[in-house]
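Subject: The two-chain model and some notes on it

Hello,

Here is the structure I promised to pass on to you. My notes follow below it, so please have it open while you read.

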Amino acid sequence: MDRALRRRIEARFGEVLTGPVRQRHDETELRLAPGDVTTVMRALHDEPDLRFRFLADLCGVDTGLVMQVVYHLWSDSTPDWLRVIADGLPRDDPRVPSVTFLWKGAEWMEREAYDMFGITFEGNRDLRRIYMPPDYTSFPLRKDFYLADDAARSPGAGVRHMERTHAPRNATKTSLLRHAKGA
Amino acid sequence: MTATIPGRRHASEDDPRVILEEQVGVFEPVPPFPPRTEREAEFYTLGDGEMFLNMGPQHPSTHGVLRVVLKINGEVVTDLDPVLGYLHRGVEKLCENADYHQAICYLDPLEYVSSLFCEWPAVMAFEKLLDVEVPRRAEYIRVLSGELLRVASHALFMGWMALDLGGLTPILWSFIERDEIVEMLGSLTGARMLFNYYRIGGVNGDLNHEFMSRLGDWMTRATEQHEANVRLLNENEIFVRRMRGLGQVDRETALRMCMTGPNLRAAGVPFDVRRSHPYSVYPELDFDIPTRDEGDCLARYLLRLDEVKQSLRIIDQCLHQMPDGPVIAKLPRLLRPRPGRSYAAVESPRGQYAIYGISDGTDQPFRMRIHDPSFVHLQSVGLLMPGHLIADTMAVMASLDPIMGGVDK
């Protein structure tokens, strides 16, 4: 944990942060509103005492209530990974500015987040589906997208295999019945 | 050839719930729908004297199932558009529906030539979530097996590289080297390719006698064998002349393209996760981070050869410093980490392999993001290619060393 980085970030971005700067293990986490992404990322990238020149990862997250876009940055000025979370994107129309003006390589990662979550990155020139076919209409990694596999229709649906009360060989007639009815 | 551009769909006459798709027999490079983005419109508009050429998804040089639409002017590539998704399995979604131990074995087939490096960041991320202390012997075994696999992966890279340029001999040699290592790891882990060896809190099983004797046997001639393999190509004038100056990328562009690993270091940036963000027992080991300044295909190729030497150094040190003790921390079978987020990255043979895990307090990961370096590297082909010949597409692509299993997830 790099306490100095936390102080630096709090001093520099104090007014735009939407939550406390959290630190755990070798990670520092800051949260901001999607509207501030452009200015904060540019400052993190350019300012000589921050120098976050390296975008380690970009991904979307669906918390079930809101969408988030999570950036991981690396700098030689700190031993921590910096996690920037653009928080509170509405689930019906998630929008966030693109960071392709700083890292052209974010283009495909943003395409992936668009493909999987439907997050629109404003300013990305090539925001089309990357994995799923072009005529696909849903967003598979959203939390309201259920896996339509065989297990979902099986008697064991909804039962975590490790939480079953009986191993199959010990299963009594009653528990088998219960499973057969799908209860 | 199966259709990949979706054909017209209609309901089946037998069962209206079933939707049938008409077969599209011919591969049209231009998609049968209006352009969706600015860039797509720009790409699919032909200039004077230009034409499209469809390469893949069954092309032998695309290292898997990748389709690339090339826009060519004569024999010169002016632009290209990689089309992904032919190998997409939805691993991230599968992991969200598996528990923490199960999630790890979904990750093996991502980078199938160096699959330990997919498990490694995942177990590291979960260990961070759980605040587990990994026994030092387990860390050493992880480093040892990981570096062995790095040697195998780079050997295979060398063979593929030559194969894509039309040389058939090196791949046979590099498969011999890789096979020795893979058999060795097979005796350690029980599997030849998809090891599923790293566990949360350690590794599955201690070093055994067969592995150690194979390893000792291999170590005595590893250096000579490596030199012999290197001599196959490095003194080949055709190979060197063709590779030099091809697909050049400078330092700033490499950073802007989010490149990592050997591709970034070949452009002169000494970023290696093992040093710049140390994990496991790498701080205790003595090794160099080779870099090169040219940033072309030859530099990327030579840099990987230099890395093999460093890996051999690390393996040697691991064997000498290997402590005694347990190889796995005691953990309950059902893991429920506290709610939280963790990010862990390792240096795989292709670059930074990272996992970002979110726990919500249940026994399944709430979200598991897989960051694959091949995915990021593949998009820079579009930046490196314009101005080169069609035949060099394969050379540039091979020098970036993408693994389609990881690209498509």
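Which strands of chain B does helix H4 lie across, and at about what angle does H4 run to E8(B)? Helix H4 (residues 116-130) of chain B lies across E8 and E9 of chain B, and its direction is at about 150° to E8(B). For angles like this one, axes are lines fitted to C-alpha atoms, for helices over the stretch in contact, and the angle runs from 0 to 180 degrees between N-to-C directions. Helices (H or I, at least four residues) and strands (E, at least two) are DSSP runs, numbered from the N terminus.

A word on conventions before the rest. This is a predicted model, in which local features need pLDDT of at least 70 and side-chain atom pairs count only at pLDDT 80 or more, while totals for chains, interfaces and linings use all residues. Residues are numbered from 1 along each chain as its sequence is written, and chains are lettered from A and ligands numbered from 1 in the order in which they are written.

**Sheets in chain B**

The strands under H4 belong to an open sheet of 3 strands, ordered E8-E9-E10 in chain B with antiparallel pairing. Two strands count as paired if DSSP finds at least two bridges between them. Strand E8 (340-348) and strand E10 (365-371) of chain B are the edges; each has a single partner strand, so one side of each has no neighbour in the sheet. On average, neighbouring strands here are turned by 15° against each other, direction ignored. E8(B) and strand E9 (residues 351-359) of chain B run antiparallel and are joined by 9 bridges. Within this pair, Glu347(B) is opposite Gln352(B) in E9(B).

Chain B has another open sheet of 3 strands, in the order E3-E4-E5, and its pairing is antiparallel too. Its edges are strand E3 (50-55) and E5 of chain B, each with a single partner strand, so one side of each is left without a neighbour in the sheet. Here the average turn between neighbouring strands is 20°, direction ignored. E3(B) and E4(B) are joined by 6 bridges, and Leu53(B) faces Leu70(B) in E4(B).

**Two domains in chain B**

An automatic or database domain assignment divides chain B into domain 1 (9-83) and domain 2 (91-408). Their C-alpha centres lie 32 Å apart. Where they meet, 14 residues of domain 1 are in contact with 16 residues of domain 2; contact requires C-beta atoms, placed from the backbone, to lie within 7 Å. On the domain 1 side, strand E4 (67-73) and strand E5 (76-83) of chain B are the elements that give two or more residues. E5(B) gives the most, with 6 residues. That side divides into 8 nonpolar, 4 polar and 2 charged residues. In this count Ala, Val, Leu, Ile, Met, Phe, Trp, Tyr, Cys and Pro are nonpolar, Asp, Glu, Lys and Arg are charged, and the others, Gly among them, are polar.

**Chain A and its contact with chain B**

Chain A has 4 helices and 7 strands, following the pattern α-β-β-α-β-β-β-β-α-β-α along the sequence. Of its 183 residues, 38% are buried. A residue is buried if 20 or more other C-beta atoms lie within 10 Å of its own, exposed if 12 or fewer, and partly exposed in between, with C-beta atoms placed from the backbone.

The contact between the chains takes 36 residues from chain A and 42 residues from chain B. On the chain A side, E3(A) supplies the largest share, 6 residues. The residues of that side divide into 21 nonpolar, 3 polar and 12 charged.

**The core, and one helix residue**

The largest nonpolar core has 156 residues, and those touching the most other members include Leu55(A), Leu73(A), Ala122(B) and Leu148(B). Such a core is a set of buried Ala, Val, Leu, Ile, Met, Phe, Trp, Tyr and Cys residues joined through C-beta atoms within 7 Å. Helix H5 (residues 136-164) of chain B gives the largest share, 16 residues. Leaving aside neighbours within four places in sequence, Ala122(B) is in contact with Ala103(B), Ile104(B), Leu107(B) and Ile355(B).

Lastly, Ile171(B) is in helix H6 (residues 169-189) of chain B. Ile171(B) counts as partly exposed because it has 19 C-beta neighbours inside 10 Å. Not counting residues up to four places away in sequence, Ile171(B) touches Gly159(B), Trp160(B), Ala162(B) and Leu163(B).

Best wishes

Notes: Two residues are in contact if their C-beta atoms, placed from the backbone, lie within 7 Å.
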